[in-house]
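Dear colleague,

I am handing over the structure below, and would be glad if you could look through it alongside the notes that come after it.

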Amino acid sequence: FGDREQQQRSNRSAPSSEEARTMSPRSGELPVADDPDQARLQQLGYKQELKRGLTLLSNFAFSFSMISVLAGVATTYNTGLRYGGPASMTLGWLVVAAFNGCVALSMAEICSAYPTSGGLYYWSAKLAGKDWAPLASWVTGWFNIVGQWACTASVDFSLAQLIQVIILLSTGGANGGGYLASKYVVLAIYTAILLVHGLINSLPIQWLSWFGQLGAFWNVAGVFVLVILVPSVAKERASAEFIFTHFNTDNGAGIHSKPYILAVGLLMAQYSTIGYDTSAHMTEETKNADWSGPMGIVTSVALSGVFGWIYVVALTSVVTDIPYLLDPGNDAGGYAIAQALYTTFQRRYGTGTGGIVCLGIIAVAVFLCGTACVTSNSRMGYAFSRDGAMPLSRVWHRVNKNEVPLNVVWLSVSVAFVMALTSLGSQVAFQAMVSITTLGLYISYALPIFFRVTAARRSFVPGPFHLGRYGVVVGAVAVLWVALVTVLFCLPVAYPVDKDTFNYTPAAVGGVLVLSLAAWVLHARFWFRGPITNVDE
């Protein structure tokens with residue numbers, strides 16, 4: 001863990017909030033550029049190394065594409081359908097969206113004050129107070145980057161599984177002699193997807209911006225098409241009462257308590273709205289960063305909440321037989337969304353081809369989401385290594401002639417590949433690995449907000465985007481929500497608990513915490529001082 005020499009290149013930490021905002025450009029301590037974005041970055045302690053070519057729209061597009069409700073809902077629809085069903089998905093989505101809005105608003109306020117690629121770990125360092133800053137920065141950073149690595153693995157592996165289901169249905173389905181890929185073939189598909197994402201992220205930021213905007217457009221257009229097409233094609237549609245009030249307790253997991261089922265069912269919506277820290281990680285490449293970055297966070301979460309809810313309602317309108325959709329013996333092998341779409345078109349036209357096309361629309365959205373995952377991951381890795389917090393930091397924070405952090409792009413791809421190797425040994429082990437996606441990211445979201453409403457309650461200096469007197473209240477609600485979600489994610493999801501049903505999430509997330517703290521106690525505390533300035537290099 002960490003690169004001591006990278007930290008020792010500078011014995012001076014990046015300036016505090018007050019120092020950064022009151023520092024005189026003529027003091028000689030930190031040279032200030034003519035460009036306001038570059039000047040602000042230098043006040044925060046960094047020189048401009050990445051190409052600043054993103055607009056507000058582009059910044060928003062990266063987060064919106066990263067959240068990708070088409071991808072998130074497709075990945076976790078089985079969970080929502082099994083635990084609570086229509087009621088927990090449609091009404092639960094609104095609850096989750098409201099509280100996630102508090103998290104997003106608090107993050108946006110802090111992002112406006114500190115528009116750097118480091119994002120969350122930099123924020124923690126500046127808000128936790130001088131004595132706790134290094135440890136706060138260290139733990140937040142490792143939760144964030146491990147969560148992002150797991151996010152890349154989760155999204156791309158989900159895409160590989162979706163492609164496998166598309167092939168299965170295209171060749172006749174599980175009950176018609178269709179081709180069911182082995183776990184090795186799925187891993188090969190996953191590897192190919194990762195390689196393509198690595199190549200795309202090796203392109204200059206102008207090209208990456210195009211992919212981000214395509215991702216945003218595809219998610220909006222895809223939701224629009226599916227919301228209109230699927231219900232209109234369906235010969236049998238669920239009633240409004242079923243969609244909003246039917247509560248499925250027949251989950252086959254031995255759980256009968258309705259509050260417990262509802263709590264587990266909320267996780268679908270929570271998983272489907274992660275990744276909006278991407279806007280923060282892209283601020284050093286965004287124009288008017290202290291406004292565009294925060295607006296990218298807020299608008300991506302707000303629009304994802306609206307479009308996601310409409311999409312979930314439309315999908316649930318064609319759900320008329322929950323046990324059949326979840327049955328591993330159906331044509332899609334128990335992949336609920338795939339079977340629902342396939343059956344809808346088959347009943348209307350005698351063929352499920354239209355449903356397969358709809359799955360193709362979802363697959364493209366998942367692919368573009370994976371592209372944004374690697375983009376965000378690489379920018380976080382670039383910033384974290386720039387501050388010497390990663391092994392071989394001097395290697396990972398280098399940028400090429402196109403001002404792209406190429407080395408850390410391929411580090412992100414490589415780590416995601418290694419994570420997916422666990423799927424060969426046990427699907428349970430892989431699920432434990434990717435469970436870090438949601439909790440790792442949300443814990444890293446909550447830590448700087450927690451410091452904002454406690455240690456920095458009176459000293460916080462806001463940027464252009466701020467919540468005024470409501471900042472502390474909104475932040476407190478956000479922290480409490482993440483604490484609740486953390487508990488929910490750690491609950492058993494089946495009874496009786498055995499090696500096949502055990503929820504390894506506490507072990508996986510606890511492992512990240514224990515390893516990061518152990519590395520801190522045994523090694524990093526002797527040299528890591530948090531974010532370091534590099535403007536005088």
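What follows concerns nonpolar packing, aromatic rings and charges over rings.

This is a predicted model, in which local features need pLDDT of at least 70 and side-chain atom pairs count only at pLDDT 80 or more, while totals for chains, interfaces and linings use all residues. Residues are numbered from 1 along each chain as its sequence is written, and side-chain values use heavy atoms, with hydrogens and water left out.

The largest nonpolar core (buried Ala, Val, Leu, Ile, Met, Phe, Trp, Tyr and Cys residues joined through side-chain atoms within 4.5 Å; buried means under 20% relative accessible area, exposed over 50% and partly exposed in between, with a 1.4 Å probe and protein chains only) has 159 residues, and among those touching the most other members are Val103, Trp138 and Tyr276. Helix H8, residues 133-170, contributes the most to this core, with 19 residues (helices are DSSP runs of H or I, at least four residues, numbered from the N terminus).

The structure holds 23 aromatic pairs (rings of Phe, Tyr and Trp, the last by its six-membered ring, with centres within 6.5 Å; planes under 30 degrees apart are stacked, over 60 edge-to-face, the rest tilted). Trp210 and Phe211 pair edge-to-face, at 5.1 Å centre to centre and 85° between the planes. The pair of Tyr276 and Tyr445 is tilted, because its planes stand at 45°, with ring centres 5.1 Å apart. Both Tyr276 and Tyr445 are buried.

Finally, the charged end of Arg386 sits over the ring of Tyr46, 3.7 Å from its centre (CZ of Arg, or NZ of Lys, within 6 Å of the ring centre and within 35 degrees of the ring normal).

Best regards

Key: Helix = DSSP H or I, 4+ residues; strand = E, 2+ residues; numbered from the N terminus.
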